[in-house]
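Please work through the following exercises with the sequence and the coordinates open beside you. Each one sets a task and is followed by a solution that goes step by step.

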Amino acid sequence: MNSAVASPRGTGTRNTRILGILTIASMAFLALLGLVFSAEDRDQGSSVRIMYVHVPSIWVAYIAFGMTAACSAIYLSSRNRSLIWDRFAGAAGEIGVLFVAVSLVTGSLWGRLSWGTYWVWDARLTSTAFLFITYLGYLAVRRLGGTHRQRARRSAVLALLAILEIPLVHFSVRLWRSLHQEATVATGGTDVHMDGLMLFSLFFGLISFTLLFLWLVIHRQRSLALEDAMENRGLDAAIEARREEAVS
Amino acid sequence: MSTFEQRRRVAFAVARKDLTIEWNSRILVNQVAPFAAIIMVLFAFALDNEGILQRVAPGLVWLATLFSMLVVIQRTFAVESADGALDALRVAGVDPSAIFIGKSLALMVQLFALELLLVGTAVVLYGVEMSLVGFAEAIVTLLTATVGLACVGTLYGGLAAGARGRETLLPLLLLPVVAPVLIGATRATEAAFGSGGAQVSEGWPWILLLAVFAVIFAVVGSVAFGPLVDE
């Protein structure tokens, strides 16, 4: 982290460059797998290829929000309260929001193609929309201002509250839906048979999106560290300028 | 004097202070209540059909409650942050969980009054009819939902209180969290009103959901309020 702060040219190190090259290569291979090598679905045709982006996106979002919660808990419980945990929580939160958005968009496009509608009031879809809004709120709270310590503590508590809120919302939305109609999506996938290459492509998608997540989260943490350092330095410079004014 | 006794006294003092401010300024009566009533009238304009209004009256009552609640919460923390009163309380070493409970209690009283008004409006304007058991169920629903809403509202209101742009932040933070209350309270009220042919007995499981929500956020709120408002 310190080397990243000192380096003026970017947030990359040798290790992250290797990770980046790996990510790009596996993404390229995933695109080939998804668009060229894997077969069309018997019922859905080519639209099934959306799955190779849709499922890994929500997978990354879950990992990211899990990481936000874990880093927030570590921040609050650790004795020295290192801000690096806060920045990792924030970086993961941002990336999680991005990937929930991707999976909502790809999901509704896929839904339009295979069920003929962009949105159904299914419990899983509704909870995912709530997940999206909740973490938008989390990001808004991170930008409230104040000192870095204030931001860290506020957002850490909020991230832990979100962990409590999401199961409650999911549970009550499921109760709500079960009285109105059967879930159409969640139960539909259980008896689906996938051929070997499709399954492999999906699995490979999960791996390459995880690599992408790691790459992004490390760089974002470092750029957040730079932002924090810049704010600190700006404050010091302002105090210095004010002192000189007072002297002269 | 035990710490529990101390906390109880502080909580009641905070609640009495909030309600006294409210009683003297009459914001709830003069501004929030008319606001809630006009929402109910506007719903009638938007859904211009008596049959539909009767059917969806429970949902409208709770939507109007949520919207007016946002105004009340902003008001209850505006009196704290205007003169740095909350900071002063914290500096004076007052237990944050006692402040939380006190402010929640005051909010409960105000919300309950609002909800009674809104249910009354629904009866008058939308032609809702209730049996005696239905009326009892409606009161229980109001009470349990109010406890949950007040606790969540105080928790997130306190977080947004010290910040710039809190007017826009509070709804974004609060409305997703209270979705379970909207679902549970609407279903329970439907049962109480008998709208859409719902039976009174169908409401009790939903009231249980409301009670679980209230207990969770009362406990979590008293723990998390301190770190959230501490500056």
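**Exercise 1. Describe the contact between chain B and chain A in terms of area, polar links and contributing elements.**

Step 1. In this predicted model, chain B and chain A bury about 2300 Å² between them, and carbon and sulfur atoms account for 78% of that area. The size of an interface is often expressed in this way, as the accessible area lost when the parts come together. The residues in contact number 25 from chain B and 26 from chain A.

Step 2. A search for salt bridges between chain B and chain A gives a count of zero. The search for residue pairs in polar contact across the interface, with both residues at pLDDT 80 or more, likewise finds zero.

Step 3. On the side of chain B that touches chain A, the elements that give two or more residues are α6 (132-161), α7 (166-177), α8 (179-193) and α9 (204-229) of chain B. Of these, α9(B) gives the most, with nine residues.

Step 4. Sorted by kind, the residues on this side of chain B comprise 21 nonpolar and four charged ones, with no polar residue.

**Exercise 2. Check the length of helix α1 of chain B, and then establish which of its residues are buried and what covers them.**

Step 1. Helix α1 of chain B covers residues 3-25, which is 23 residues, and at 1.5 Å a residue it should span 33 Å. The C-alpha atoms at its ends are 33 Å apart, so the model agrees with the expected span.

Step 2. The residues of α1(B) that count as buried are B:A11, B:V14, B:A15, B:D18 and B:E22. An α-helix has 3.6 residues a turn, so residues three or four places apart point the same way.

Step 3. The cover over the buried residues of α1(B) includes α2 (27-46), α3 (50-81) and α5 (96-126) of chain B.

**Exercise 3. Examine the backbone and the exposure of B:R26 and A:R81.**

Step 1. Most residues other than glycine have a negative phi. B:R26, which comes just after α1(B), has a positive phi near 55°, while the phi of A:R81 is positive as well, near 50°.

Step 2. B:R26 belongs to the loop between α1 and α2 of chain B, and A:R81 to the loop between α3 (51-77) and α4 (83-114) of chain A.

Step 3. Because its relative accessibility is 35%, B:R26 counts as partly exposed. A:R81, with a relative accessible area of 28%, is also partly exposed.

**Exercise 4. Is B:T189 buried or exposed, and what does B:T189 touch?**

Step 1. B:T189 lies in helix α8 of chain B. Its relative accessibility is 4%, and B:T189 therefore counts as buried, since the cut-off for buried is under 20%.

Step 2. A polar atom of the B:T189 side chain lies 2.5 Å from the backbone oxygen of B:A185.

Step 3. If residues up to four places away in sequence are not counted, B:T189 touches B:P58, B:W62 and B:T141.

**Exercise 5. Summarise the fold of chain A from its elements, its burial and its contacts.**

Step 1. Chain A has seven helices and zero strands, and from the N terminus on its elements run α-α-α-α-α-α-α.

Step 2. Chain A has 248 residues, of which 42% count as buried.

Step 3. Among the contacts in chain A between residues at least 6 apart in sequence, 82% join residues at least 24 apart.

Conventions. Residues numbered from 1 in each chain as written. Chains lettered and ligands numbered in written order. Predicted model: local features only at pLDDT ≥ 70, side-chain atom pairs only at ≥ 80, totals over all residues. Heavy atoms only, no water. Contact = heavy atoms within 4.5 Å. Buried area = accessible area lost by both parts, 1.4 Å probe. Salt bridge = Lys/Arg side-chain N within 4 Å of Asp/Glu carboxyl O. Polar contact = N/O pair within 3.5 Å; in protein donor to acceptor, adjacent residues only side chain to side chain. Helix = DSSP H or I, 4+ residues; strand = E, 2+ residues; numbered from the N terminus. Nonpolar A, V, L, I, M, F, W, Y, C, P; charged D, E, K, R; others polar. Expected span 1.5 Å × (residues − 1). Buried < 20%, exposed > 50% of the residue type's maximum accessible area, 1.4 Å probe, protein only.
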